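Q: Before the labels attached to this model are accepted, could the reasoning behind each of them be set out, with the value placed against its criterion?

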Amino acid sequence: MINKIRKEVEKATMQDLSSRRRQRELVCARAIYFKLCKEKTTSTLQKIANTLKVNHATVLHGINNVFPIIKKEEPHLYEIYIKIKNSDDLKYIKENYSALRKEHESLINKYKKLIQLKTVDEHAEIVNIVREIPKKHIDTAKVRVKAMVDIIKNYA
């Protein structure tokens with residue numbers, strides 16, 4: 001996915017993104033690339049940085065500092081960004097992102113259920129102890145357990 005974005009940006013800006021130069025056109029092209037990669041993929045800043053042999057701070061700087069300047073002062077470069085962002089060639093990236101997002105939410109829900117089950121297991125011993133209390137002493141036990149919980153909350 002990242003390679004597709006890179007090719008599109010290099011083609012549209014006529015810049016070699018792997019070049020180590022710091023010319024304005026190249027810095028702007030890299031910022032567009034970083035922004036698109038962050039929006040269209042699930043790659044981390046470090047993975048994006050590795051594609052151009054820079055560090056993650058360079059990616060962050062491009063997205064947070066250079067890209068806003070492009071948006072404000074370089075309308076022709078911002079149009080390139082919009083064109084690539086909305087292109088049909090990258091449509092599959094959007095779809096893949098949506099699918100990954102749904103899978104992520106599903107995994108989070110499964111994780112939450114596992115945590116609830118684990119919590120139930122952790123409290124099983126206490127529940128079993130409470131079940132041993134004779135019915136005629138339940139009211140007294142409730143008061144004492146409540147007091148113990150309060151003490152633990154306040155002093156533990």
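A: A salt bridge is taken here as a side-chain nitrogen of Lys or Arg within 4 Å of a carboxyl oxygen of Asp or Glu. The model is a predicted one, and a search of the whole structure finds 7 salt bridges.

Q: What makes the contact of Arg24 with Glu73 a salt bridge?
A: The N to O distance between the side chains of Arg24 and Glu73 is 3.9 Å, and the criterion asks for a nitrogen of Lys or Arg within 4 Å of a carboxyl oxygen of Asp or Glu, so the pair qualifies. The two partners belong to distant parts of the chain, Arg24 lying in helix α2 and Glu73 in helix α4 (residues 56–73), 49 residues apart. Arg24, Glu73 and Glu74 are also linked in a network of salt bridges.

Q: Why is Arg24 called partly exposed?
A: Its relative accessibility is 45%, and the middle class lies between buried, under 20%, and exposed, over 50%, so Arg24 counts as partly exposed.

Q: How do you know that Arg6 and Glu10 form a salt bridge, and how are they placed in helix α1?
A: The closest N and O atoms of Arg6 and Glu10 are 3.2 Å apart, which falls within the 4 Å limit, and the pair is therefore counted. Arg6 and Glu10 are separated by about one helical turn, because they are 4 residues apart in helix α1 (residues 2–13). An α-helix has 3.6 residues a turn, so residues three or four places apart point the same way.

Q: Is Arg6 buried or exposed?
A: The relative accessible area of Arg6 is 17%, and buried means under 20%, so Arg6 is classed as buried.

Q: What makes Asp150 and Lys146 a salt bridge, and which exposure class does each belong to?
A: The closest N and O atoms of Asp150 and Lys146 are 3.3 Å apart, and this satisfies the limit of 4 Å. Being 4 residues apart in helix α7 (residues 138–155), the two are separated by about one helical turn. Asp150 has a relative accessible area of 29% and is partly exposed, whereas Lys146, at 52% relative accessibility, counts as exposed, the threshold being over 50%.

Q: Why is Gln15 called buried, and what does Gln15 touch?
A: Gln15 is found in the loop between α1 and α2, and its relative accessibility is 17%, so under the 20% cut-off it counts as buried. Not counting residues up to four places away in sequence, Gln15 touches Glu10, Arg21, Glu25, Leu26 and Ala29. Leu26 and Ala29 are themselves among the buried residues of α2.

Q: How do you know that the span of helix α2 agrees with its number of residues?
A: At 1.5 Å a residue, the 17 residues of helix α2 (residues 24–40) should span 24 Å, and the end C-alpha atoms are 24 Å apart, which agrees.

Q: What makes up the contact of α1 with α5, and how do the two helices cross?
A: The axes of α1 and helix α5 (residues 75–86) come within 11 Å and cross at roughly 145°, and the crossing is right-handed. Glu8, Val9, Ala12 and Thr13 of α1 make the contact with Leu77, Ile80 and Ile84 of α5. By class, the contact has 5 nonpolar, 1 polar and 1 charged residues.

Q: Why is Pro68 called partly exposed?
A: Pro68, which is placed in helix α4, has a relative accessibility of 38%, and this lies between the limits of 20% and 50%, so the label is partly exposed.

Definitions and conventions
Residues are numbered from 1 along each chain as its sequence is written. This is a predicted model: local features need pLDDT of at least 70, side-chain atom pairs count only at pLDDT 80 or more; totals for chains, interfaces and linings use all residues. Side-chain values use heavy atoms; hydrogens and water are left out. The expected span of a helix is 1.5 Å times one less than its number of residues. Buried means under 20% relative accessible area, exposed over 50%, partly exposed in between (1.4 Å probe, protein chains only). Axes are lines fitted to C-alpha atoms, for helices over the stretch in contact, and angles run from 0 to 180 degrees between N-to-C directions. A crossing is left-handed if the near helix is turned anticlockwise from the far one by less than a right angle, and right-handed if clockwise. Contact means heavy atoms within 4.5 Å. Ala, Val, Leu, Ile, Met, Phe, Trp, Tyr, Cys and Pro count as nonpolar, Asp, Glu, Lys and Arg as charged, and the others, Gly among them, as polar.
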